[in-house]
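Below are some numbered points on one structure, written for a reader who is new to this kind of note. Please keep the sequence and the model open while reading.

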Amino acid sequence: MAGDRRAAVLVLTCAYDPTADIVLRILAERQVRVVRADPGADLHQGAVLTARYTAAGRRGTLATSSRTLDLDRLRAVWYRRPSGWAAPAGMDGQDAEFARAQAQWGVGGVLAALPGAHYVNHPWRIRAAEHKPAQLDAALAAGFAVPDTIVTTDPEQARAFCAEQPDGAVYKPLWNSPCTDEDGRPVQAWVAEVAPKEITDAVAACPHLFQTRLAKDHDVRLTAVGRELFAVRIDSPDLDWRRRQHLLTHTPIDVPTSVRRSVARYLEHFRLVYGAFDFAVDASGRWWFLECNSNGQWAFFPPPTTDAIATAIADQLQKGPAA
């Protein structure tokens with residue numbers, strides 16, 4: 001199928017995704033057939049998905065207002081950032097929840113089981129790799145240096161852990177759960193320093209992650225696309241560099257051989273094609289694993305790095321299952 005020019009690339013993302021547009025332009029220049037869809041939204045705007053399972057095998061189609069896609073003749077699927085599953089407009093209550101769940105398990109199930117397609121990344125692999133405790137286990141097994149960490153619902157354990165850290169401790173959310181302030185405005189939970197005396201019994205309400213505060217010299221974002229690695233040094237005045245990205249400086253850097261080996265092991269563990277790794281690098285040059293986003297952003301880098309990553313992703317999608 002990789003050599004079949006008729007086999008299409010299916011890109012699953014939301015209507016406004018300038019990052020996806022960069023890769024789609026490259027594929028268009030190469031005359032690769034691409035179908036872009038946002039299944040959570042398109043199903044309520046005229047799109048129709050059908051899959052038939054018989055003794056002769058499975059056949060599936062995805063029909064939009066402009067084209068019909070043979071789901072059994074796909075070279076690759078890029079699972080970018082599709083909208084969440086939703087019910088049709090005007091439906092509410094239990095009916096809406098039922099319709100939403102059926103879309104997730106029905107449409108989502110069909111699109112996650114396309115025979116022969118090369119997924120970048122497979123949605124189930126993305127979900128499995130999103131849990132921070134699983135990331136820490138995989139990072140240790142892969143040979144990364146990992147900061148001392150505790151995940152607990154015990155306030156006393158949390159206080160004791162933070163008191164033991166010679167350079168202090170930080171709190172990190174286990175998931176970027178949506179939060180709003182009193183006026184309904186979105187609130188982001190950033191990585192923040194925490195002292196033992198600041199930890200209250202509210203820790204018992206849900207699991208909390210605390211980690212030793214690293215005496216870092218700088219951060220690194222390493223973007224892996226298959227075997228290609230793109231590392232950028234990030235210098236920021238903030239503990240969490242995401243907080244004020246307009247104050248960052250980016251510098252492409254080489255990746256140590258030991259880190260390359262660990263990245264390969266980590267991706268293999270979760271069966272990922274793509275991963276956006278975050279590291280803290282100390283004064284001795286040691287790279288400390290912080291996390292890996294299996295569907296992380298990358299288009300905020302300077303153009304040469306952004307273009308190189310986009311080209312690597314386009315290469316994966318164009319090659320298909322032989323990638």
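1. Which residues does A192 touch, not counting residues up to four places away in sequence? The model is a predicted one, and in it A192 touches A169, V170, Y171 and L239. A192 is in strand β10, which covers residues 192–194. With a relative accessible area of 33%, A192 is partly exposed. One partner deserves a second look: A192 and L239 are 47 residues apart along the chain, yet their C-alpha atoms are separated by 7.3 Å.

2. Next, the cysteines. The count of disulfides is zero. C162 is in no disulfide, and the nearest cysteine sulfur, which belongs to C206, is 15 Å away. A disulfide needs the two sulfur atoms within 2.5 Å, so the pair C162 and C206, at 15 Å, does not qualify. As for their surroundings, C162 is buried, with a relative accessible area of 4%, whereas C206 is partly exposed at 39%.

3. Salt bridges come next. Side chains of opposite charge can pair when their charged atoms come close. The model has 17 salt bridges. One of them joins R221 and D278, whose closest N and O atoms are 2.6 Å apart. R221 lies in strand β12 (residues 216–225) and D278 in strand β15 (residues 274–282), so this pair ties together parts that are 57 residues apart in sequence. Is R221 buried or exposed? R221 counts as buried, at 7% relative accessibility. Its partner D278 is buried as well, with a relative accessible area of 8%.

4. Two further pairs can be checked in the model. The side chains of R233 and D235 meet in a salt bridge, at 2.8 Å from N to O. R233 is partly exposed at 26% relative accessibility, and D235 is partly exposed at 24%. The side chains of D240 and R242 also meet in a salt bridge, here at 2.6 Å from N to O. In this pair D240 is buried, with a relative accessible area of 7%, whereas R242 is partly exposed at 25%. Elsewhere, E156, R159 and D201 are joined into one network by salt bridges that share partners.

5. The packing of two helices is worth following by eye. Helix α1 (residues 18–29) packs with α8 at an angle of about 60°, and their axes are 9 Å apart. That angle makes α1 oblique to α8. On the α1 side, the contact is made by I22, V23, I26 and L27. On the α8 side, the residues in the contact include T306, A310, I313, A314 and L317. The crossing of these two helices, α1 and α8, is right-handed.

6. Where is N295? N295 is in the loop between β16 (287–293) and α8 (303–319). Although N295 is in a loop, this residue is buried, with a relative accessible area of 13%. Leaving aside neighbours within four places in sequence, N295 is in contact with Y79, R80, R81, I126 and Y274.

7. The last point concerns the backbone. Most residues other than glycine have a negative phi, and most peptide bonds are trans. Which two residues are joined by a cis peptide bond? The bond joins V120 and N121, with omega about -20°. N121 is in the loop between β7 (118–120) and α4 (123–129).

8. Positive phi values need a check too. Q31 is not a glycine, but its phi is positive, at about 60°. This residue lies in the loop between α1 and β2 (34–37), and Q31 counts as exposed at 62% relative accessibility. R271, also not a glycine, has a positive phi of about 55°. R271 lies in the loop between α7 (257–270) and β15, and R271 is exposed, with a relative accessible area of 57%.

How values were computed: Residues are numbered from 1 along each chain as its sequence is written. This is a predicted model: local features need pLDDT of at least 70, side-chain atom pairs count only at pLDDT 80 or more; totals for chains, interfaces and linings use all residues. Side-chain values use heavy atoms; hydrogens and water are left out. Buried means under 20% relative accessible area, exposed over 50%, partly exposed in between (1.4 Å probe, protein chains only). A salt bridge is a side-chain nitrogen of Lys or Arg within 4 Å of a carboxyl oxygen of Asp or Glu. Helices (H or I, at least four residues) and strands (E, at least two) are DSSP runs, numbered from the N terminus. Contact means heavy atoms within 4.5 Å. Axes are lines fitted to C-alpha atoms, for helices over the stretch in contact, and angles run from 0 to 180 degrees between N-to-C directions. Angles under 35 degrees count as roughly parallel, over 145 as roughly antiparallel, 65 to 115 as roughly perpendicular and the rest as oblique. A crossing is left-handed if the near helix is turned anticlockwise from the far one by less than a right angle, and right-handed if clockwise.
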